[in-house]
Amino acid sequence: MSLCDDTLLCNFPKCRVKLNGFAWVTACSHVFCDQHGSGEFSRSPAICPACSSTLSGKLDIVRTELSPPEEYKAMVLAGLRPDIVLDITSRALAFWSYQVHQEHMYQEYTLSRAEAQLQQMDKVLTQQNQSRELELSAMRGEIASLKKVMEEYKRKHSEVSERLMERSRQYQKLQGLYDSLRLRNMVVGVGDRDAPRQPGHHNFNTGVARQRSPQFLSTGAEGDGRFFSCLETDGAKTFFQFSSPVIKRGRTFVKKH
């Protein structure tokens, strides 16, 4: 803000709005907006919010209109001696000069704080970049080691795949041999069932000679009676004690033609 600027800023620490309409001016050369001036200067004694000065005089606080009408400007200094007019104008200009100086100091303070924050942030950013570089280098080393492990796994995978293919080929070969032998055994078995069996017939499937069992005559109730009646005629001998009847001598049997 320069002397040519016609806008003042509220000196309340957290306000700093552009003033228009009415403003509160203090004897310590501070100015406040109508809202904060009405709130702060309603207590007694009044304390300046900017410099904490006690404002106990009758004219230490003045509520003034920043854009007075033409009638006010024509009559406010009318009738005063030139030295009084000059004194009033010099004090008014000193107020503006103080406001300009105060704004300049505030801007420098804000700039210094911003520069300090910027330096702090730059320092933090540098530290973070260094830590990120360390982490990045560590991750690159880990990636390199993982690539080596992956290459080793790929090599092992290729070896296992080759072995699996070789085993698959062997399995297919054995499966073909098994199928051919199974088909041959099935053909031989069908031929054995179709051919008539003779005593002493050799079975090629088992390699064991089979003897045909003698077939008994009748197995009914009558046949069983005749068979067991022969066993009971000779003193009820058992089957293993039974002997053939003795052929009478002197009798010849002549076969009739």
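Me: What makes the charged end of Arg63 count as sitting over the ring of Phe22?

Reply: In this predicted model, the charged end of Arg63 lies 4.2 Å from the centre of the Phe22 ring. The cut-off is within 6 Å of the ring centre and within 35 degrees of the ring normal, so Arg63 is said to sit over Phe22. Arg16 is placed over the ring of Tyr106 as well, 3.8 Å from its centre.

Me: How many aromatic pairs are there?

Reply: The count comes to 2 aromatic pairs.

Me: Why is the pair of Trp24 and Phe41 called tilted?

Reply: The ring centres of Trp24 and Phe41 are 6.0 Å apart, and the planes meet at 50 degrees. Centres within 6.5 Å make a pair, and an angle that is neither under 30 nor over 60 degrees counts as tilted, so tilted is the word for Trp24 and Phe41.

Me: Which parts does this pair tie together?

Reply: Trp24 belongs to strand E1 (residues 22-26), while Phe41 is in the loop between helix H1 (34-40) and strand E3 (46-47), so the parts joined are 17 residues apart in sequence.

Me: How do you know whether Trp24 is buried or exposed?

Reply: Trp24 has a relative accessible area of 17%, and buried means under 20%, so Trp24 is buried. Phe41, at 12%, counts as buried too.

Me: What makes the pair of Phe32 and Phe41 edge-to-face?

Reply: The planes of Phe32 and Phe41 are 70 degrees apart, with 5.7 Å from centre to centre. Over 60 degrees counts as edge-to-face, so that name fits Phe32 and Phe41. Both residues, Phe32 and Phe41, are buried, and together with Trp24 they form one aromatic cluster.

Notes
Residues numbered from 1 in each chain as written. Predicted model: local features only at pLDDT ≥ 70, side-chain atom pairs only at ≥ 80, totals over all residues. Heavy atoms only, no water. Helix = DSSP H or I, 4+ residues; strand = E, 2+ residues; numbered from the N terminus. Buried < 20%, exposed > 50% of the residue type's maximum accessible area, 1.4 Å probe, protein only.
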